[in-house]
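Biologist: I should be grateful for a close look at a single part of this protein, with each term explained as it arises.

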Amino acid sequence: MALDEYRRKRDFTKTPEPDGAAAPRPRATDDRLFFSVQKHLASHLHYDLRLEWKGVLLSWAIPKGPSIDPSDKRLAMQTEDHPYEYGTFEGVIPEGYGAGIVMLWDRGTWTPESPDVDAALRKGDLKFTLDGYKLKGSWVLVRTRGFGSGSKPSWLLIKHRDDWAGPVDITEFAPLSVKTPEADFADILAADNPAVWRSNAPAKSGDAGKLFQRIIAQAVAMKTADTKVTKDGHPTKSTKRRATPSPKATKSTKRKSGTRRSPR
Ligand code: MN
């Protein structure tokens, strides 16, 4: 599986995404296979499922995100294979293909239930188990026919009935990053350059356009607040969600930061 298409779509002088130059991940036969889901606000909000296979990440874009309710069949459009090191990427793609904000929404390992993965992929029926922070248990990807657009096949991602299934909207219930604690899109943008799309957001209309406007405004506000708080010139994280931490957390945080930030 080559990364030609992945590389052709991107200008690595303009995107922080990995160029895939690293050698495919060498792995012992007993290594667990990596999986992740990246929440990606681009021209539309979607979730990218990545399954490590033969040194690269098989990839599907899921417009509505995964559902742990077995009655939901979620459209999953296969996209180009991504380099292994892409799997934990989180950050801002300022321009070009996929321009927007990427959040590492879930990560963990996956285990094929289909005995022959390549045959299952050819057949269009891949059963597997996920062991992530948010997604667990048994799933299936089933290829559909003549559904969707473009050259890449469309699949459906479906949760099997097991202890990890339930009538919960997991994307609403657990919306934040598993890489940067408590981070949402605005935090990720604020940590980068919140003004990057001041005049030219990757989506200008519709739901994604509105979401971008709100997130850009939040990120700019966080950055401004940080600048006021930080007297020693060191970047600090936004305190927006720490307004109501547990009493224990407040104490220890105050003590620690008091020690650190009072150099006089
Ligand atoms: Mn994407």
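Modeller: The account below concerns one strand and its partners, and then two buried positions. This is a predicted model, in which local features need pLDDT of at least 70, side-chain atom pairs count only at pLDDT 80 or more, and totals for chains, interfaces and linings use all residues. Residues are numbered from 1 along each chain as its sequence is written.

Strand β9 covers residues 154-159 and pairs with strand β4, residues 73-83, in the antiparallel sense over five bridges. Here helices (H or I, at least four residues) and strands (E, at least two) are DSSP runs, numbered from the N terminus, and two strands pair if DSSP finds at least two bridges between them. Within this pairing, S154 of β9 is the bridge partner of M77. Strand β8, residues 136-143, also runs antiparallel to β9 and is joined to it by five bridges; there, V142 has L156 as its bridge partner.

L141 belongs to β8. L141 counts as buried because it has 23 C-beta neighbours inside 10 Å; the cut-offs are 20 or more other C-beta atoms within 10 Å for buried, 12 or fewer for exposed, and partly exposed in between, with C-beta atoms placed from the backbone. Leaving aside residues up to four places away in sequence, L141 touches A76, L126, W155 and L157, where contact requires C-beta atoms, placed from the backbone, within 7 Å. The C-alpha atoms of L141 and F128 are separated by 8.4 Å, with these positions 13 residues apart along the chain counted as their separation.

V56 lies in strand β3, residues 56-62, and counts as buried because 23 C-beta neighbours fall inside 10 Å.

Key:
Two residues are in contact if their C-beta atoms, placed from the backbone, lie within 7 Å.
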